[in-house]
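Me: I would like to learn how to read the features of a protein model with DNA. Please take them one at a time.

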Amino acid sequence: MKNSDIATVFENIADLLDLKGDNKFKIRAYARAAQVIHHLPEEMELMHEEGKDFQDITGIGDAIAKKSMEMITTGKLKFYEDLKAEFPKGIINLLDIPGIGPKTAYRLATELNVGSVDQLEKAIKDGRVASLERMGEKTAANILHSIEVFRRKDRRIPLGEALPIVEEMLNSLRHIAGVQNLMPAGSLRRFKETVGDIDLMGTADDPESVIQAFVKLPQVREVLSQGPTKASVILPKGLQADLRMVEHEDFGSLLQHFTGSKEHNVALRTRSQKQGLSLSEYGITDIKTGKVEKFADEESFYRFLGLQYIPPEIREDMGEIALAEKNAIPRLIEIGDIKGDLHIHTVSSDGNDTLEDMARAAKALGYQYLAITDHSSGRNITADKKIERLTGQIAEIKRLNQSIPGIYLLNGVEVDIRADGSLDLPDEVLTELDIVVASVHSSFLQDRATMTNRIIGAIKNPHVDIIAHPTTRKIGEREPADVDLEAVFRAAAANGKALEINAMPDRLDLKDLHAYRARELGVMLAICTDSHATWHLNMMRFGVGVARRAWCQHKDILNTLPLKDMLEFLKRRPAG
DNA sequence: GCCGTTTTCGGCCCGACTGTTTTCAGTCG
């Protein structure tokens with residue numbers, strides 16, 4: 001069983017125990033364990049093989065370790081099967097409806113025999129829900145509305161779509177006189193790959209004027225609510241955005257609170273309680289004296305707790321608080337550390353811009369180098385022309401390297417790893433190039449062993465430098481390939497090959513947790529945009545966001561190397 | 001069920017909102 005399956009079982013156990021009215025701290029322990037397992041960088045199956053003790057994981061004790069083991073060895077859990085049998089079938093589905101918690105779900109299932117969302121809708125419409133004790137017309141109507149919202153609920157929006165909209169809005173609002181702070185909080189600020197809704201926070205001399213401008217922005221499709229300090233609106237794609245204007249002296253506490261993650265904040269509060277402090281969005285209260293400390297910025301908030309400042313991207317309760325106590329949070333990679341892009345396309349394959357355009361755009365970003373890595377096959381490249389194309393590219397790069405000073409172009413290719421594991425170009429061609437990026441673009445549905453061997457085969461080819469978008473996923477479009485990433489990571493580390501963090505917002509591949517694990521295993525990572533147009537080069541920051549969420553430093557990322565070291569690195573390739 | 005700088009028992013995160021109450025339970029973020 002995969003970690004995600006195990007985590008789901010514990011989540012469901014927490015829900016079922018909640019339905020039962022069991023001890024709430026026991027319930028929290030299961031829910032917490034589910035969270036922890038969901039965020040584990042390594043599969044528990046593998047940890048088991050390696051003889052690691054699950055109880056060393058914070059949040060997992062004797063009971064949950066044993067239950068996890070049972071699931072890994074037998075594929076199921078008797079405790080869970082027995083527990084499920086105590087309830088009407090489908091009761092857990094009711095908990096997906098906003099506004100329905102365990103108490104309500106249990107009553108609906110037992111008193112009205114409701115076991116699905118459809119049945120619930122019927123029960124509301126024929127008046128049975130409103131007739132229950134401590135329920136009424138209003139509650140029933142609210143649940144019905146929640147069902148409607150649930151049914152048409154759009155999936156989470158990719159960060160790459162949400163962030164530009166938000167930035168555009170904030171930039172217009174920043175021009176209003178008296179605005180002091182204005183920024184996103186929530187998962188957007190933490191650079192999660194998708195966002196549910198958008199939290200914006202600000203301070204201003206005249207907060208109401210900012211609210212009024214906010215609801216009139218051209219991006220706003222619908223105003224849900226509007227008050228003197230807070231407004232909620234609907235943006236394109238059904239995205240909800242809340243703007244909250246607060247007192248200047250409270251900004252740090254509120255920003256910290258609304259940035260989350262929830263898990264990070266819970267861990268912070270638990271820790272603070274032991275110091276006699278109570279945390280809330282309004283500040284830090286000394287429990288004995290009742291004195292409330294306020295914070296205008298986050299730095300002073302963390303400092304007051306005796307903690308180093310924690311970057312938003314790693315506020316996930318993955319050990320960052322313990323490190324902050326020791327002042328040991330590393331300096332995470334920043335966009336300014338990136339010295340070049342190692343994966344881009346031009347009109348020679350399926351790109352929109354010429355080699356020269358791409359070179360000048362990269363130079364404008366301050367890069368020292370740019371690798372030209374058009375596809376080995378596909379659009380614009382017939383099988384008999386692919387070697388001829390490369391010969392032409394080599395000549396043009398030689399010319400441009402003389403005519404455009406300040407940026408060094410690398411002769412490269414993105415070579416297909418074919419279904420049978422062979423590369424789309426012969427070794428004697430690859431050896432003529434400065435850099436070779438290899439990737440899968442076909443037969444995405446191969447079984448795990450075949451796909452894993454296919455990728456590891458490419459890693460072992462001495463001419464290959466980087467494996468691009470290792471899982472081939474596209475967010476909301478294509479599931480990741482079934483591949484044993486742990487094996488791929490170990491092979492990459494052993495062979496000194498880099499794996500890509502593809503920075504395009506619809507890919508972000510490797511994703512945060514995978515990159516985290518790869519880094520742990522000593523794999524060199526390369527953040528590349530896979531640009532198909534000049535403006536795509538700006539997507540680098542999304543890849544940097546993933547790398548920061550993976551706790552990557554300067555030294556973990558290949559393309560932080562200055563040109564001289566990069567050329568040195570590439571020299572290890574076998575000469576022709 | 002988990003955990004330990006008030007350790008092996010006795011604790012366990014905080015505040016707002018809503019609806020249905022007349023002092024609060026349930027749900028959410």
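**Reading the DNA surface**

Reply: Six elements, α2 (24-38), α4 (62-74), α7 (102-112), α9 (137-151), α14 (262-274) and β8 (277-280), each supply at least two residues of the surface near DNA strand B. Helices (H or I, at least four residues) and strands (E, at least two) are DSSP runs, numbered from the N terminus. The model is predicted, so local features need pLDDT of at least 70 and side-chain atom pairs count only at pLDDT 80 or more, while totals for chains, interfaces and linings use all residues. Residues are numbered from 1 along each chain as its sequence is written, chains are lettered from A and ligands numbered from 1 in the order in which they are written, and side-chain values use heavy atoms, with hydrogens and water left out.

Me: Which element gives the largest share of the surface near DNA strand B?

Reply: That is α2, with 5 residues. A residue is near a strand if one of its heavy atoms lies within 4 Å of it. Of the 38 residues around DNA strand B, R28, G59, G99, T104 and R269 come nearest. On the DNA side, sugar and phosphate make up 79% of the strand B atoms that come within 4 Å of the protein.

Me: How many residues of each class does the surface near DNA strand B have?

Reply: There are 15 nonpolar, 14 polar and 9 charged residues. Ala, Val, Leu, Ile, Met, Phe, Trp, Tyr, Cys and Pro count as nonpolar, Asp, Glu, Lys and Arg as charged, and the others, Gly among them, as polar.

Me: Which atoms of I64 and T104 lie by a phosphate oxygen of DNA strand B?

Reply: For I64 it is a backbone N or O atom, 3.1 Å from a phosphate oxygen of DNA strand B. For T104 it is a polar side-chain atom, at 2.5 Å from a phosphate oxygen of that strand. Q273 also places a polar side-chain atom 3.5 Å from a phosphate oxygen of DNA strand B.

Me: How many cavities of 30 Å³ or more does a search of the whole structure find?

Reply: Rolling a probe the size of a water molecule over the atoms shows where empty space is left. Here a cavity is a set of points, on a 1 Å grid over the protein atoms alone, where a 1.4 Å probe fits but cannot get out; lining residues have an atom within 4 Å of a point. Grid points are joined across faces, edges and corners, and a volume is the space filled by probe spheres set on the points. The search finds 1 such cavity, and the largest cavity has a volume of about 50 Å³. Its lining consists of Q256, H257, N265, L268, R269, L279, S280, E281 and F301. The largest share of that lining, 3 residues, comes from α14.

Me: Where are the cis peptide bonds and the positive phi of N327?

Reply: Most residues other than glycine have a negative phi, and most peptide bonds are trans. A cis bond joins G260 and S261, with omega about -5°, and S261 is in the loop between α13 and α14. Another cis bond joins D509 and L510, with omega about 10°. N327, a residue other than glycine, has a positive phi near 55° and is found in the loop between α16 (320-325) and β11 (340-344).

Key:
A polar contact is a pair of N or O atoms within 3.5 Å; within protein, one must be able to donate a hydrogen and the other to accept it, and residues adjacent in sequence count only if both atoms are side-chain atoms. On a 1 Å grid over the protein atoms alone, a cavity is a set of points where a 1.4 Å probe fits but cannot get out, and a pocket is an open set with protein on both sides within 12 Å along at least five of seven lines; lining residues have an atom within 4 Å of a point.
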